[in-house]
Amino acid sequence: MDLDQQSKSFIQITFLIIGVLILGVFLNAYVYSFFSIKAYQILFLIFIFLFLFSIMAILMIVLFYLRIYQYRKILGNPDWFLKGLHLLYPLMDFICRIFCFSYSPLQRFFITTNNICIQSKNIKVLPEEILILTPHCLQKSTCSVRVTHDPSYCKQCGQCNVNELVQLQNKYHVSLAIATGGTLARHAIQQYHPKFILAVACERDLISGIIDVTQVPVIGILNIRPNGPCKDTKVNIDQLEYWIREISIKERLVF
Ligand code: SF4
């Protein structure tokens, strides 16, 4: 069974919490049986203190990230914030699922905060070292051309965004891959060895990709879904071009 990253995290955290609870029950029984009531009370108070301290610490960290999200600015090392975000997200996702909160705002928060952290690193690469990675659903569903094999096969009829993506590829000499799934997306990364990825996808696939690909910086760009999920989707080409210009070494942006 091929689970997505968020389901895996949910299951891992569920098992972790169950494991901690079982350990706590055994510890409690052990201390109650073999220690004095006084020692038992002290250990119980320490446990309550640590529990409340952990809740407070998590709340403080969440508030810190909300501040980054609000002001679009990072004070400190962006790598630490990225690592913290990757650790915090599964926990927040878990809480949303347990309490049946909508996790779309959390997903968008993760993607935006990731982009702010990556932008703060001020990475500059050659345009040829950038890979634009998009899902297959950007292609018009009635089009018969196999652009997943090679986007340059696109006849540029203008009926979908693949046309503009190929134009961007030709204009900036970036790499472009249109993948039908996670396996082919990973294959494209191995094939092009990019130093920077501009990934276009829905919230779920973007988060899975950003968490999976830790060795290359990834900026996530949400697709637009006027026809529902996975059908004739679109991407904001101006936004993609902004990121290409933002991360490219300026002197190499000659056309
Ligand atoms: S722009 Fe390219 S991919 Fe899109 S419908 Fe036309 S030929 Fe097909």
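**Exercise 1. Determine whether isoleucine 197 is buried or exposed, and identify its surroundings.**

*Solution.* Isoleucine 197 has 24 other C-beta atoms within 10 Å and is therefore buried. The criterion is as follows: a residue is buried if 20 or more other C-beta atoms lie within 10 Å of its own, exposed if 12 or fewer, and partly exposed in between, with C-beta atoms placed from the backbone. The model is a predicted one, in which local features need pLDDT of at least 70 and side-chain atom pairs count only at pLDDT 80 or more, while totals for chains, interfaces and linings use all residues. Residues are numbered from 1 along each chain as its sequence is written.

Next, locate the residue: isoleucine 197 belongs to strand β3. Helices (H or I, at least four residues) and strands (E, at least two) are DSSP runs, numbered from the N terminus. Leaving aside residues up to four places away in sequence, isoleucine 197 touches Leu131, Leu133, Val213, Val216 and Val218. Here, contact requires C-beta atoms, placed from the backbone, within 7 Å. Isoleucine 211 is 14 residues away along the chain, with a C-alpha separation of 13 Å.

**Exercise 2. Establish how many residues of strand β3 are buried, and which way they point.**

*Solution.* Strand β3 covers residues 196–201, and six of the six are buried, so the strand is largely enclosed by the rest of the structure. Phe196, Leu198 and Val200 point one way, whereas Ile197, Ala199 and Ala201 point the other way.

**Exercise 3. Give the strand order of the open sheet and its pairings.**

*Solution.* The four strands follow the order β2-β1-β3-β4, with parallel pairing. β2 (175–179) and β4 stand at the edges with a single partner strand each, so one side of each is left without a neighbour in the sheet. From one strand to the next, the twist averages 20°. Angles run from 0 to 180 degrees between N-to-C directions, and axes are lines fitted to C-alpha atoms, for helices over the stretch in contact.

Two strands pair if DSSP finds at least two bridges between them. The pairs can now be taken in turn:

- β1 and β2 are parallel, over five bridges; threonine 134 stands opposite isoleucine 178 in β2.
- β1 (residues 130–135) and β3 run parallel and are joined by four bridges; isoleucine 130 has phenylalanine 196 as its bridge partner in β3.
- β3 and β4 (residues 218–222) are parallel, over five bridges; valine 200 has isoleucine 221 as its bridge partner in β4.

Between β3 and β4, the chain passes through helix α7 (residues 203–212) in a right-handed β-α-β crossover. Right-handed means that, with the strands pointing away from the viewer, the path from the first strand over the helix to the second runs clockwise. Helix α5 (residues 162–172) lies across β1 and β2, at about 155° to β2.

**Exercise 4. Describe the division of the chain into domains and the contact between them.**

*Solution.* The chain is divided into domain 1 (5–113) and domain 2 (123–252), with bounds from an automatic or database domain assignment. Their C-alpha centres lie 34 Å apart. Eight residues of domain 1 are in contact with nine residues of domain 2. On the domain 1 side, α1 (5–34) and α4 (104–120) are the elements that give two or more residues. The largest share, five residues, comes from α4.

**Exercise 5. Identify which residues cysteine 117 touches.**

*Solution.* Cysteine 117 lies in helix α4. With 22 other C-beta atoms within 10 Å, cysteine 117 is buried. Not counting residues up to four places away in sequence, cysteine 117 touches Ile74, Pro78, Phe81, Leu82 and Leu85.

How values were computed. Two residues are in contact if their C-beta atoms, placed from the backbone, lie within 7 Å.
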